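Let's take a walk through this structure together, moving from paired strands to charged side chains and on to a helix. Keep the 3D view open as you read.

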Amino acid sequence: MVEEDHHSALSPRALTVWAKSVVDPEQPGVLRGWLPLHQHLDDSAAVANKLWKEWLPENVKKLIAAPFGGSYEVTQRLYTWIASTHDVGKASPAFAVQVPDLAETMQRSGFTMDFSLRGTDERRQARHELVSYLAMSERLCTTHNFEKNTAKGYASIIGTHHGNPLTRQGIDHVGLNARLFGRGAWDEVRQEFLRRAEQLHLEEGDLALFRETKLPQTVQVLLSGMVIVADWIASNEELFPYARPGESIEETTAERLEHAWQQLELPGPWRLSKPPMELTEHFSQRFSLPPQTTPRPLQTALYDAANSAPCAELFILEAPMGSGKTEAALAAAEVLAATTQAGGIFIALPTQATSDAMLARTYEWLKALPTSSTLFLGHGKSQLNAQYSGLLRDAYQRAAGIGSEPRSRKVTDDDVVAHQWLTGSKRGSLANVMVGTVDQGLFLALCSKHLMLRHLALAGKVVIIDEVHSYSAYMNVYLNQLLHWLGAYGVPVILLSATLPGAQREAMLRAYDDGRRRSQGSYSARRAERDAIRQSYNFLAEDIGYPVITHTRNGELPAIRKIDSDGRGINIDLERIADSSQAVAETLQEALVEGGCAVVIHNTVARVQETANYLQQHFGEDTEIIVAHSRFLSIDRSAKDALLLDKFGSQSRAKQRPHKAIVVASQVVEQSLDIDFDVMVSDLAPIDLIFQRAGRLHRHQRGLNQVERPQPLRKARLILTGVDWAATLPEPAKKYQKVYYLHILYRTLVVLDSLKTLTIPEDIPRLVQEVYGPDQLGAPAWQESMLEAERDYLREVKSKQEEARVFRLGDVPTEPASLADWNQRSIGDLKDTVKAQATVRDSSPTLEVLVLCRDDVGNLITPPWLAKHAAIPLPLNQAPPPWLSKIILSCSLTLPATMCFGNKIDQLIDELEKQTRIQLPEWQASRELRDELAIVLDSEHKVELLEYSLSYSPDRGLDVNNLD
C-alpha cells in the first residue's frame, strides 16, 4: 500500500475528469471552481482512514472486521479502498455533460461527449453510483476472478453511497446503454481509477482475501453508511476547497485532510471503562443524589444483570410507575457501553414532550460521565427546545470562534456539546447521544433513503426504549424488526415498561435472538427446528412475576430475574360512577370537602372540554380548574406541563401545592410526567393504561401515612366512568370505542368487575396478563358480545400488521446477499417528518398548523396571550426575521382527526395553502416558514375553516364545532 498522492500515475486524459463544480452565484452559468475526480477520491479515502482511526466506535469495527478474522488492519484498508472508488462512475457521459465547460475540456482530451443528454430524464436516471457499481463488479469479476455474487456484495457498497436502493431496472437502464455508460476511453479511465485505488490502498493478498470472503449483508450496510459519511465530509467545499477553473489543486491530500479535520473538530466515540466505584457511590455521583442514598432493588438488579453480561444482550425491565427505571437504565447502559465498547447511547421516548423532558435529565447524567459527548435531540421540533437550541448556538459560535468558546479549545472529558455537523434528520443520529421519539429508532426498520446511516448510527450505541407497552400492534411490527436487526448487530438494548403484556415480551425477546442467530450463522435451515425454537420462548408470555427483569443469553433461552419488592406498594379503592359531567362533579364535591388535588382523565379532548366547563360552573371561583390535552399550541403545552409539575410534582419541585384544585386532562398526563394527585376520576381504558393512570395517584409519600394529604384522601381513590354500568355487559361509551379496541375494553371490564381495590404493584402482572392472555373471560351472558368484539379486534390487528409490513425492512438474510437485494420498497426520503411518522405509527391522520392572530385593527401579530413575545407585529412586505420565525414555529397546533379523515385532509390542506398564500405571501421568502401552513384567528381568537368553527383559549385549548 502506498501512502502518498499518485496524480502522476494517471493519464492526462484521466486528470481532466471532474467530480465537483460550483458556479458564481451572481453570474449563473459561469464556473467558479471545480474539483478533479482523482482529488475527490483521494480526499474521500483520507477521510475514511481518519474516521476509522478516530471516530468509528470499537464495537462497529469489531463487527466489520469479523469476516476477516478480526483484523482491523485489513478492514481499514477495505474501507479506505472502497471510499477511494465510490465515485468512479462520474467518469461517464451521463455525468460529465452536466457542466459544459468541464465536459468540453474532457472532450478535447479524447472522450466522446453527447451534449444532447443534458437536462434529460434519461440522463438523470443514469445515476453515477450505478456506473460505479457496474464498473467495480465488472473489474472484480474479469480482472480478479471474483465469483459474481461475491463481487456484487463489494460493488453494491459503492452503488448505494447516495442512499438509494439498487434496483435491477436502474442497473439495466445504465449498463445496457453505452450512450449513458460510456465505452472505449470511458472504460479505460475507469479502470485507471480502480487500478490506482488498489495500488494506493491495498496490500498484496488483500484482493485474494476479499475474493474468498463473502461479506454479510450487515457488514455491507455498515460499510455503505461509512462511505456516505466519508463522502459527505470530503464533498464539503469549506473543508476541501475546489480549484479555480483551469487550475489544479496545489496542496497534497495530507495537507487538505489536516486542514479539514481541524475545521471539523469531529469528536470521537465514547471510550468508557466499567465504573470502579461501589453502586451506592456510583448512583450518588451519576445522579446527584444525597450521599449514602441506597439504590432501589430494581436498580441494583438491572445493574448487576448488565455487569454480569459478557456481551450485548436485550434486557426488559418491568417495574411500577415512578420506581426509578430511568436511572436504572442509564446506569446499566454505562456498564454495557464499557463491556461492548459501544460509542454512545440512544434513548427513545413515546412523544416529543417526553423526549424534551428526558433531554434535561440525560444532559445532567452525561456531565457526570468520564467521557465527552455530542448530543442530538431527535424529533421534528427540536429547534424549539431551549436547552438544545442553546447547545446548538454554542456549537456555531465555537466553530466561528465567537465569544468565550474559541475554536482552538478542544472538547474535554466532561463536555456535553451539540456539534454543528451532527445535526439534522440524516446526520444527527450519528452523534454519541441521541434523545428522541421512538420513531427515530423505528425508522431503522422502514425502507427509505439513507437507511444505512440509521443502521450505522444505532449499531454503535446502547439503545434504551421507554414505555414499550404503549405502542400499538402496527408499531410493534416495526419495533420487533428494529430489535431483530439490533440483535444482528450485537447492540445492547434496554426496554422499560410498567405494564407489559406477556405476548409482547415474548415477541421482543424472540425477535432480538432471531436476528442474532441469523447473523451468527446458527439459524436453522429446517422448519421443524425453527418452530421448536420459537415454541421454546412461550414461557415468556406467562405471568413471570413482578417487578422482573428478563434478558437474552447468547446461545441460550432468555433468563428471568425476579426483583425484591422495595415496600412502596399502594392500595387504591376502586369505585364506579355514571358517565356524565354531573356525576363527576358530585363525586369530586364529596371527595374534596376538606380540599385536595384531583385529576379527571378522559379519553377524548371534546369530553375534557365538556367536563372542564361543567366543573367550572359547578365549583365556581374557589376551586382552580386546569385543563391539559393535545390541542394546545406547542408553547402553551410546554407551559402547561411546567405548571402541572410546579403544582402537583414531587416535594422538591412543587413547593406550593394547591389547597383545592382539579386537573381535567386527556391521555397527556398518562406517562412521563412526575405528578401526584389525591383522587382520580378516569374513563375506562385498557387495563395497562388504567395502571399507568393510577401511577399518578399517591405517587409520592406526603408525610408518614400520607398525613399531609386531606384526611378523607389519605387512602387513594380511583373512580371509573365512561361506561353504562346498567347494561347486561357493561358497555363502554361509543365515542371511546373509536379510541381503544372494544375487545380489550370488554376484557378490562371483566377483570375489574368484582374488584373493589387495586393493589400496586402486585395486581399489575396478573390483571394485564388476564386481559391480554388467551383464556376466555366473562359470564356466559357476555360471550356473544365479547366474541364479536374479539373477531373484529383480530381482523383489524391482522390488517394493521399486514399494512405495516409493506414498507418494513426484511429479515437479516441467512446467506450472504448484496445491497442490490435490500431496501427495495423504499418510500423515499424522510425529510417530511410527519409523513415518516405516519408510516411507522397507525394513529389517526392529523395536520399541524401555525397559529397567528389579528389585533383589533386587523394587524397580524403573534398570539397575545403568550408569556413571552406576545402580540409582536409581523413585518409587512418581507419575511419574518429568523428570531421571529422561531417564535411563530413554537405556536404550532395539531388539528384533530375529525377534520382530517379520508378526503377531508386533502380539502383541508388545499384550503390552508390558499389562505396561507393570501394572508402570508411573505413566507415564501422565508427558509423557516415557506412550507408551513397557518391559520389566523380574529381578535376574538376564532376562525372558520371549511365546515368548522374553531376557537382557541389559552386556558381550554382549541375548540372545534361544525357550522351546521
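A good place to begin is strand 12 (residues 570-576), which is joined to strand 20 by 4 bridges, the two running antiparallel. Within this pairing, N571 has T759 of strand 20 as its bridge partner. Strand 20 (residues 757-760) shows two faces: L758 and I760 make up the covered one, while T757 and T759 make up the uncovered one. A word on terms: helices (H or I, at least four residues) and strands (E, at least two) are DSSP runs, numbered from the N terminus. Two strands pair if DSSP finds at least two bridges between them.

Before going on, please keep in mind that this is a predicted model, where local features need pLDDT of at least 70, side-chain atom pairs count only at pLDDT 80 or more, and totals for chains, interfaces and linings use all residues. Residues are numbered from 1 along each chain as its sequence is written, and side-chain values use heavy atoms, with hydrogens and water left out.

Now turn to strand 7 (residues 433-437). How many of its residues are buried? The count is 5 of 5, so strand 7 is mostly covered, as buried means under 20% relative accessible area, exposed over 50%, and partly exposed in between (1.4 Å probe, protein chains only). Strand 7 pairs in the parallel sense with strand 4 (residues 344-349) over 5 bridges, and there A348 stands opposite G436. Strand 5 (residues 373-378) also pairs with strand 7 in the parallel sense, over 4 bridges; in this case L375 stands opposite V433.

Next come the charged side chains. A salt bridge is a side-chain nitrogen of Lys or Arg within 4 Å of a carboxyl oxygen of Asp or Glu, and by this rule the count comes to 53. One of these links R211 and E212, whose closest N and O atoms are 3.8 Å apart. R211 is partly exposed at a relative accessible area of 29%, whereas E212 is exposed at 62%. Another joins E556 to R553, with the closest N and O atoms 3.6 Å apart. Here E556 is partly exposed at 46% relative accessibility, and R553 is partly exposed at 31%. A further salt bridge connects E928 with R927, again with a closest N to O distance of 3.6 Å. R927 is exposed, with a relative accessible area of 65%, and E928 is partly exposed at 24%. Elsewhere, R657, D676, D678, R702 and R709 form one network through salt bridges that share partners.

Charge also gathers without such bridges. E247, E250, E251, E255 and E258 form a negative surface patch. Patches are made of residues with over 30% relative accessible area and no salt bridge, like charges being joined within 9 Å and nonpolar side chains (Val, Leu, Ile, Met, Phe, Trp, Tyr) within 5 Å. Among these glutamates, E255 is found in helix 15 (residues 253-264) and is partly exposed at 44% relative accessibility.

Our last stop is helix 12 (residues 185-201), where you will find L200. Is L200 buried or exposed? With 3% relative accessibility, L200 counts as buried. L200 and R77 are 123 residues apart in sequence, and their C-alpha atoms are 9.8 Å apart in space.

Key: Areas by Shrake-Rupley, 256 points an atom, 1.4 Å probe, with all protein chains shown as cover. Lys, Arg positive; Asp, Glu negative; His and termini not counted. Charge placed at Lys NZ, Arg CZ, Asp CG, Glu CD.
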